[in-house]
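Dear colleague,

I am handing over the structure we spoke about, and my notes on what was found in it follow below. Please have the sequence and the model open while you read.

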Amino acid sequence: MSMPAATSGGPDEGRARHVAIIMDGNGRWAKKRHLPRAVGHQRGVEAVRAVVRGAKGLGLEALTLYAFSTENWRRPDDEISDLMGLMKRFILSDLEEMASNNIRLKIIGDYKAFKPDVVELIEGALARTAANTGTTIAVALNYGSMDEIARAATRAAAEGPITPESIAAHLDTADLPPLDLLIRTSGEERLSNFLLWQAAYAELWFTEVLWPDFTAEHLKEALDAFAGRERRYGGR
Ligand code: IPE
Ligand code: IPE
Ligand code: MG
């Protein structure tokens, strides 16, 4: 059995390389203010922008953001189309800033299930930032961990025996550092089909803050908490 990387301290122990966030609470943020849910999602996009900008100074190699799950298709059509519209507008408005900040965009999940205009925009954004070498912002779109693991296992089985390593090599996150810290906003304490495999030894951090109110300061707070955690990976 191989061991997870970085099982004991080095100079960088306590520094997170890969953080993921379940960005939850847009609907409740809007409801509290008697505003339409769409406004909550719009403010959620503003929080994404602020956190992506703020991540720059935190030394992260990767930040993975859960934006649309395989289960979110259960929402009403008008909410889904609001979310698609926001996503398109975000790419159009923010791509150049991200590209010039050396951010590499990545998508995890089966984004090809989206409408052709969305797929085209996403692929343009991926191509525009593919050569960048700074922080990877991985956006989870039509992402579900069970779907990802099933896809990875299918590909692994076609190549030989299924092992934890062969599955891991085919996960959508295969090119990212191991997940260090998983954050969920809005007070919910569940994974909702997000990074189930990758979270095996990740540290978890939950906050009551609703996603539209989340800032780079909150991310910093989570990273400070992470720095104080002792990770044992089953050892002693
Ligand atoms: C998160 O906010 C955004 C997505 C899931 C797309 P929600 O829309 O889930 O907000 P709540 O959980 O209803 O407050
Ligand atoms: C998880 O939030 C998905 C995203 C943040 C994109 P949900 O709001 O969909 O999760 P549940 O339904 O509360 O578990
Ligand atoms: Mg929710």
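Which of the 13 residues around ligand 1 come nearest? In this model, which is a predicted one, they are D24, G27, R28, R37 and R75.

Three polar contacts of ligand 1 can be given with their distances. An N or O atom in the side chain of D24 is 2.8 Å from an oxygen atom of ligand 1, and R37 likewise places a polar side-chain atom 2.8 Å from an oxygen atom of the ligand. With G27 the contact runs through the backbone, where a polar atom is 2.9 Å from an oxygen atom of ligand 1. Taken alone, ligand 1 exposes 380 Å², and the protein buries 86% of that area.

As to its setting, ligand 1 sits in the second largest pocket. The elements that give two or more residues to its shell are α1 (26-32), α2 (37-55) and α3 (77-100), and the largest share, three residues, comes from α1. When the shell around ligand 1 is sorted by class, it has three nonpolar, five polar and five charged residues.

Turning to ligand 2, you will find that the space it takes is the second largest pocket, the pocket in which ligand 1 also sits. The residues that surround ligand 2 are I22, M23, D24, Y66, A67, F68, N72, R75, R184, R190 and S192. Of these, D24 and R75 are also among the residues that come nearest to ligand 1, so to speak of either ligand is to return to both of these side chains. Polar side-chain atoms of N72 and R190 lie 2.9 Å and 2.8 Å, respectively, from an oxygen atom of ligand 2, while for R184 the corresponding distance is 3.3 Å. On its own, ligand 2 has 390 Å² of accessible area, of which the protein covers 76%.

The largest share of the shell around ligand 2, three residues, comes from strand β2 (residues 62-69). By class, that shell has five nonpolar, two polar and four charged residues.

One residue of this shell, F68, leads on to the aromatic pairs, of which the structure holds eight. F68 and F114 form one that is edge-to-face, with 5.8 Å from centre to centre and 75° between the planes. Because F68 lies in strand β2 and F114 in the loop between β3 (104-108) and α4 (116-129), the pair ties together parts that are 46 residues apart in sequence.

With kind regards

Notes. Residues are numbered from 1 along each chain as its sequence is written. Chains are lettered from A and ligands numbered from 1 in the order in which they are written. This is a predicted model: local features need pLDDT of at least 70, side-chain atom pairs count only at pLDDT 80 or more; totals for chains, interfaces and linings use all residues. Side-chain values use heavy atoms; hydrogens and water are left out. A residue is near a molecule or strand if one of its heavy atoms lies within 4 Å of it. A polar contact is a pair of N or O atoms within 3.5 Å; within protein, one must be able to donate a hydrogen and the other to accept it, and residues adjacent in sequence count only if both atoms are side-chain atoms. Accessible areas come from the Shrake-Rupley method with a 1.4 Å probe; for residues, only the protein chains shown count as cover. On a 1 Å grid over the protein atoms alone, a cavity is a set of points where a 1.4 Å probe fits but cannot get out, and a pocket is an open set with protein on both sides within 12 Å along at least five of seven lines; lining residues have an atom within 4 Å of a point. A molecule sits in a cavity or pocket if more than half of its atoms lie within 2 Å of its grid points. Helices (H or I, at least four residues) and strands (E, at least two) are DSSP runs, numbered from the N terminus. Ala, Val, Leu, Ile, Met, Phe, Trp, Tyr, Cys and Pro count as nonpolar, Asp, Glu, Lys and Arg as charged, and the others, Gly among them, as polar. Rings of Phe, Tyr and Trp (its six-membered ring) pair if their centres lie within 6.5 Å; planes under 30 degrees apart count as stacked, over 60 as edge-to-face and the rest as tilted.
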